[in-house]
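Me: I'm new to this one and would like a close look at a single part of it: the largest pocket. Could you walk me through it slowly?

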Amino acid sequence: MSDILVHAEAGVMTITLNRLDRKNSITSDMYAKLADAMGTAQADEGVRVVMIQGHETVFCAGNDIGDFLDKPPAGQDAPVFRFLRAIATFPKPLLAAVCGPAVGIGTTMLLHCDLVYAGDNAAFSMPFVNLGLCPEAASSLLVPQMLGYHRAAEALMLGEPFFAEAALEVGLVNRILPPTEANNYANAQARKLAAKPLASLVETKRLMKKGQQQLVLQQMVDEGEAFGRMLVAPAAKEAFTAFMEKRKPDFSKV
Ligand code: COA
């Protein structure tokens with residue numbers, strides 16, 4: 001079965017991350033499929049709302065680390081950046097249902113969703129520094145805005161997980177549910193939105209976002225340039241190799 005499932009019904013396009021044996025980590029091919037699905041959803045008048053979901057045990061373990069080593073994203077047209085721009089500029093409602101680990105982009109993509117529903121097992125983390133990298137998806141702008149500077153620094157510098165209750169408190173998620181119910185609940189909310197006048201939804205979203213849309217896109221470009229440099233630098237190489245070899249990284253020489 002495909003690692004990205006796309007299903008459209010009743011005006012809702014549901015995109016499912018479906019690579020459970022690798023904890024729904026995302027390869028560059030998967031980013032390309034995700035970006036294409038978002039493009040289709042934007043263009044197709046029959047799609048009024050998009051929802052992204054994983055499995056009740058895991059949402060997404062971030063970027064596939066082997067892929068980072070083999071196929072580091074080259075330039076702003078790399079599939080990962082296409083996907084990030086697509087979700088940052090998506091004009092229609094975008095929802096997510098998140099259960100279990102949401103690592104790296106598994107958390108940062110939520111910053112671009114309008115509604116997020118979490119299983120009570122959700123664990124959010126942005127361990128970019130621990131991988132010798134820096135934030136992406138405009139998270140270096142949006143996380144401080146959402147969490148306040150000091151909590152953002154903790155989340156982005158220490159990279160330790162925070163859980164559903166904390167995510168609810170800061171407004172990263174709308175509601176906490178049993179993991180077995182999160183996808184269905186988010187789908188029901190998506191259907192509610194799909195029954196509303198689309199032009200009003202689109203205008204409401206545009207007006208809420210327009211103040212910093214350009215800032216978000218510019219931040220993504222700046223982050224992308226730094227991220228690209230850091231991906232091939234010694235600290236990231238050591239972190240990725242350590243992950244593949246199932247050992248702790250040794251940053252003492254970098
Ligand atoms: N890239 C590639 N493979 C990954 C992966 C990733 N991001 N995340 C998990 N996997 C693989 C593991 O290597 C493991 O492979 P194996 O069966 O060959 O040993 C398999 O998926 C299962 O993962 P495991 O770590 O055993 O599951 P877990 O339930 O104990 O932990 C996570 C789940 C998500 C907490 C943990 O896998 C993890 O921290 N992954 C890395 C996250 C990360 O740093 N992502 C990059 C962010 S930019």
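Which element gives the largest share of the lining of the largest pocket, and how many residues does that come to?

Reply: Happy to, and keep in mind as we go that this is a predicted model. The element you're after is α11, which puts 4 residues into the lining of the largest pocket. If you want to find α11 on screen, look at residues 234-244. Two other elements also give two or more residues to that lining: α2, covering 65-70, and α3, covering 79-88.

Now for the pocket itself. The largest pocket holds about 730 Å³ of space. It is lined by 34 residues, and the ones closest to its centre are Ala61, Asn63, Ile65, Leu131 and Phe243. Sort the lining by class and you get 20 nonpolar residues, 8 charged ones and 6 polar ones.

So much for the walls; what about the contents? The ligand takes up the space of this largest pocket. Around the ligand there are 13 residues, and the closest of them are Arg22, Ala61, Asn63, Ile65 and Lys246. You've met some of those names already: Ala61, Asn63 and Ile65 are also among the residues closest to the pocket's centre. By class, the shell around the ligand has 6 nonpolar, 5 charged and 2 polar residues.

A few atom pairs are worth zooming in on. Lys246 has a side-chain N or O atom 2.6 Å from an oxygen atom of the ligand. With Ile65 the backbone is what counts: one of its N or O atoms lies 2.9 Å from a ligand nitrogen atom. Then there's Lys23, where a polar side-chain atom lies 3.3 Å from a ligand oxygen. As for cover, the ligand has 870 Å² of accessible area on its own, and the protein covers 64% of that.

For a bit of context, glance at the second largest pocket too. About 420 Å³ of space lies there. Its lining has 19 residues, with Leu111, His112, Cys113, Leu142 and Lys209 closest to the centre. At least two lining residues come from each of α5 (139-147), α9 (198-209) and α10 (213-231). By class, the lining of this second largest pocket splits into 10 nonpolar, 6 polar and 3 charged residues.

Back to where you started: α11 gives the largest share of the lining, and the pocket it helps to line is the one whose space the ligand takes.

Terms used:
Residues numbered from 1 in each chain as written. Predicted model: local features only at pLDDT ≥ 70, side-chain atom pairs only at ≥ 80, totals over all residues. Heavy atoms only, no water. 1 Å grid on protein atoms, 1.4 Å probe; cavity = no way out; pocket = protein on both sides within 12 Å on 5 of 7 lines; lining within 4 Å. Points joined across faces, edges and corners; volume = space filled by probe spheres on them. Nonpolar A, V, L, I, M, F, W, Y, C, P; charged D, E, K, R; others polar. Near = heavy atom within 4 Å. Polar contact = N/O pair within 3.5 Å; in protein donor to acceptor, adjacent residues only side chain to side chain. Areas by Shrake-Rupley, 256 points an atom, 1.4 Å probe, with all protein chains shown as cover. Sits in = over half its atoms within 2 Å of the grid points.
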